[in-house]
Amino acid sequence: MILSKNVALVGFMGTGKSTIGRLVARELGWRFADTDQLIERRAGCEISEIFAREGERFFRAQEHAALASLRGEWRHVVATGGGIVTRGENVSLLRELGFVVWLTADEETIFERVSRNANRPLLHTPHPRATVAALLAARRPLYESAAHFALDTAQVSQAEAAKTIVAETLRFFS
Ligand code: S3P
């Protein structure tokens with residue numbers, strides 16, 4: 001059930017959730033929030049440090065708390081971490097927030113994008129490419145069932161992606 005009027009962006013690492021989310025917020029004149037940023041601000045350190053010190057389970061609890069803290073907000077564009085959909089209760093929260101948009105890209109594009117920085121603890125494995133493939137396969141159906149709308153970011157600019165999301169958001173809430 002939709003209780004408020006926000007846009008939440010979900011999708012795998014490297015699909016542009018934060019950058020596109022900021023552009024969407026600017027165009028709509030809405031506020032921007034990012035669950036990873038909320039977690040880092042609260043913890044006073046980077047996500048990679050949280051994973052290293054406390055582990056993924058702890059991170060997921062912080063992630064859930066960050067998302068839950070946005071409950072009741074209006075006119076926010078919320079960028080989320082790629083794993084947020086792995087907890088069913090987060091999916092309910094996302095849909096409660098409003099319009100849920102899934103940013104997609106093919107595996108090749110994602111791997112190329114995530115390889116540009118090393119700040120993704122889940123990919124610190126002996127075979128990051130295989131890890132990306134496995135995580136994508138496991139998560140695709142979760143994103144799909146969480147989202148109202150999907151947008152492929154591989155072939156369009158971030159500005160174009162933002163324009164499409166703005167138009168779909170206005171349509172969704174009209
Ligand atoms: C994660 C994605 C990251 C961050 C954390 C875990 C994931 O966010 O939340 O490293 O499980 O896919 P981005 O999707 O913004 O990279």
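1. A polar contact here is a pair of N or O atoms within 3.5 Å. With that cut-off in hand, K17 is a good place to start: one of its polar side-chain atoms comes to 2.7 Å from an oxygen atom of the ligand. Please keep in mind as you read that this is a predicted model.

2. D36 also reaches the ligand through its side chain, with a polar atom 2.8 Å from a ligand oxygen. At G82 it is a polar backbone atom that takes part, and the distance to an oxygen atom of the ligand is 2.9 Å. As for cover, the ligand on its own has 390 Å² of accessible area, and the protein covers 93% of that.

3. Now for the wider surroundings. The ligand has 13 residues around it, and K17, D36, R60, G82 and R139 are the closest. Sorted by class, this shell is made up of 5 charged, 5 nonpolar and 3 polar residues. Where does the ligand sit? Its place is in the largest pocket.

4. On to the aromatic side chains, where the structure has 6 aromatic pairs. One of them joins F51 and F59: the ring centres are 4.8 Å apart and the planes meet at 40°, so this pair is tilted. The class follows because planes under 30 degrees apart count as stacked and those over 60 as edge-to-face, with the rest called tilted.

5. Are F51 and F59 buried or exposed? F51 has a relative accessible area of 14%, so it is buried. F59 is buried too, with a relative accessible area of 3%. Both calls rest on the cut-off for buried, which is under 20%.

6. A further pair to look at is F99 with F172. Their ring centres lie 4.5 Å apart and their planes are at 25°, so this pair is stacked.

How values were computed. Residues are numbered from 1 along each chain as its sequence is written. This is a predicted model: local features need pLDDT of at least 70, side-chain atom pairs count only at pLDDT 80 or more; totals for chains, interfaces and linings use all residues. Side-chain values use heavy atoms; hydrogens and water are left out. A residue is near a molecule or strand if one of its heavy atoms lies within 4 Å of it. A polar contact is a pair of N or O atoms within 3.5 Å; within protein, one must be able to donate a hydrogen and the other to accept it, and residues adjacent in sequence count only if both atoms are side-chain atoms. Accessible areas come from the Shrake-Rupley method with a 1.4 Å probe; for residues, only the protein chains shown count as cover. On a 1 Å grid over the protein atoms alone, a cavity is a set of points where a 1.4 Å probe fits but cannot get out, and a pocket is an open set with protein on both sides within 12 Å along at least five of seven lines; lining residues have an atom within 4 Å of a point. A molecule sits in a cavity or pocket if more than half of its atoms lie within 2 Å of its grid points. Ala, Val, Leu, Ile, Met, Phe, Trp, Tyr, Cys and Pro count as nonpolar, Asp, Glu, Lys and Arg as charged, and the others, Gly among them, as polar. Rings of Phe, Tyr and Trp (its six-membered ring) pair if their centres lie within 6.5 Å; planes under 30 degrees apart count as stacked, over 60 as edge-to-face and the rest as tilted. Buried means under 20% relative accessible area, exposed over 50%, partly exposed in between (1.4 Å probe, protein chains only).
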